[in-house]
Amino acid sequence: MAYFDSLETRSADQRAADLAQALPAQIRLAQGLPGYGKALAEVDADAITSAADLAALPILRKSDINRAQAQMAPFGGLTARPASGFAHIFQSPGPIYEPGSTAHDWWRLGRVLHAAGIGPGDIVHNCFGYHLTPAGMIFESGARAVGAAVLPAGTGQTELQVTAARDVGSTAYAGTPDYLKVILDKADEMGVRLAITKAAVGGGALFPSLRKEYADRGITCLQSYATADLGNIAYESAAMEGMIADEGVIIEIVTPGTNIPVAPGDVGEVVVTTLNPDYPLIRFATGDLSAVMEGTSPCGRTNMRIKGWMGRADQTTKIKGMFVRPEQVAALVSKHAEIVRARVIARREGEMDTMTVQVEATGGDRAMFARTVSDVLKMKGAVEVVAPGSLPRDGLVIEDQRSYD
């Protein structure tokens, strides 16, 4: 299959020359936005021409965006247009508000779907959410960029999902890695054969055993790494050797909690600078861990590669495609006088994420605690009530017991 565009196969010299032109312009654009305040005021934009030069600039974190949005709603003065100038306004947990546009491939997911073999003639069964959060629209925008049709399925009502996929002839899936298995298993139960042979997944880890199960069913499943703030960051190609950096971002790997790049190959926090002129995030810390891989992909794409998602730099953990944050666990504890401490545990059962919430409590009702878990953490999970003093005093409030080998 041909490449998505010529940017993917640029020489190192050409990519560096292009970046030397684009990066100073992006820094100057950010300097003119009120949300950056004094952070970039003293920076000589013309001197920032490479990823190495970015190391001199401060890190931008979600907490910084939260504070900026509290002062300048809804986007914190970090966008080049007012809220009314965008096609969509989304809300992610925090809450954090993100802009969205219907401009061609605005989130750059076309590159992801193209690498997964999706294009004209395909119908994408899009199981990312369309309510408040942008994932559904992000992948729909990518499908439009490659000329594919979209069934905006969302999640839930699995029998209807199977029926719709059969009736319209869905050939590709977009969604979290494990929800496709839910649909396929339901189709088997219903005696329905689906036409899905391609999958572009994100929002959670694609475990090797699950990828193999899809391959055994005749489905090629490739994963992407994208966020609501940045759009596409990196993606897999058919070579399945690491994740290739998107052409519209600059990726750095830094020591967690600092702005200092790690040694090549070392694990650290992913920091991204986007070249999107509508939303110029400069050195945005994702909170995710990864590492740079040596060399380039055998598929012929020449940009740098990362090893993919390798955990969180903080305790924030993605479960069932949703982030659970330490501050949410603290909010859960504060809701009930009986709860002394709480600990969220992420596990895998079969090929599905599960969540168990252990609470140290001096009384109270487990069912009542479970309702609060659903309200505060935005998902259901098993609740175990344990005696005060039972939970380890190791500083963890979110424990990820899943294996990523």
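Which residue is the bridge partner of Glu-269 in strand 12? I started my notebook there, and I found Leu-289. Worth jotting down before going on: this is a predicted model.

**Entry 1: Glu-269 and its strand**

I placed Glu-269 in strand 11, which runs over residues 268–274. I then looked up its exposure, and Glu-269 comes out buried, with a relative accessible area of 2%. The cut-off for buried is under 20%, so Glu-269 qualifies at 2%. What does the side chain of Glu-269 make a polar contact with? I got the side chain of Arg-61, at 3.0 Å.

Next I checked the rest of the strand. For strand 11, 7 of the 7 residues are buried, so I wrote it down as largely enclosed by the rest of the structure.

**Entry 2: strand partners**

I went through the pairing on both sides of my list. Strand 10 pairs with strand 11 in the antiparallel sense, over 6 bridges. In that pairing I noted Ile-250, which stands opposite Thr-273 of strand 11. Strand 12, residues 284–290, also pairs with strand 11 in the antiparallel sense, here over 4 bridges. A reminder to myself: side chains in a regular strand alternate between the two faces of the sheet.

**Entry 3: the cores**

How many residues does the largest nonpolar core have? I read off 34. Those with the most contacts inside it are Ile-27, Tyr-36, Leu-57, Ile-65, Ile-251 and Leu-281. I also looked up which elements feed this core: helix 1 (12–31) and strands 8, 9, 10 and 11 each supply at least two of its residues.

I picked Ile-251 for a closer look. Leaving aside neighbours within four places in sequence, Ile-251 is in contact with Ile-233, Ala-245, Val-270, Val-271, Val-272, Met-304 and Ile-306.

There is another core apart from the largest one, and I have it at 25 residues. Phe-90, Val-124, Ile-138 and Phe-139 are among them.

**Entry 4: aromatic rings**

Phe-90 sent me to the rings, as it turns up in an aromatic cluster too, together with Phe-75, Phe-86, Trp-106 and Trp-107. My tally of aromatic pairs came to 5. Why is the pair of Phe-75 and Phe-86 edge-to-face? The ring centres are 5.7 Å apart and the planes stand at 85°, so the pair is edge-to-face, given that over 60 degrees counts as such. Both Phe-75 and Phe-86 sit in the loop between helix 3 (62–71) and strand 1 (88–92), 11 residues apart. I checked their exposure as well: both are buried.

Trp-106 and Trp-107 make an aromatic pair of their own, also edge-to-face, with 5.2 Å centre to centre and 90° between the planes. I have Trp-106 and Trp-107 both down as buried.

One more item on Phe-86: I found the charged end of Arg-81 sitting over its ring, 4.6 Å from the centre.

**Entry 5: Ser-50**

Last, I looked at a loop residue. Ser-50 lies in the loop between helix 1 and helix 2 (51–54). Is Ser-50 buried, exposed or partly exposed? I got partly exposed, with a relative accessible area of 23%. Leaving aside neighbours within four places in sequence, I found Ser-50 in contact with Leu-19 and Leu-23. I also took a distance from Ser-50 to Met-72: they are 22 residues apart in sequence and 31 Å apart in space, C-alpha to C-alpha.

Methods. Residues numbered from 1 in each chain as written. Predicted model: local features only at pLDDT ≥ 70, side-chain atom pairs only at ≥ 80, totals over all residues. Heavy atoms only, no water. Phe/Tyr/Trp six-rings, centres within 6.5 Å; stacked < 30°, edge-to-face > 60°. Buried < 20%, exposed > 50% of the residue type's maximum accessible area, 1.4 Å probe, protein only. Lys NZ or Arg CZ within 6 Å of the ring centre and 35° of its normal. Core = buried A, V, L, I, M, F, W, Y, C linked by side-chain atoms within 4.5 Å. Contact = heavy atoms within 4.5 Å. Pairing = 2+ DSSP bridges. Polar contact = N/O pair within 3.5 Å; in protein donor to acceptor, adjacent residues only side chain to side chain.
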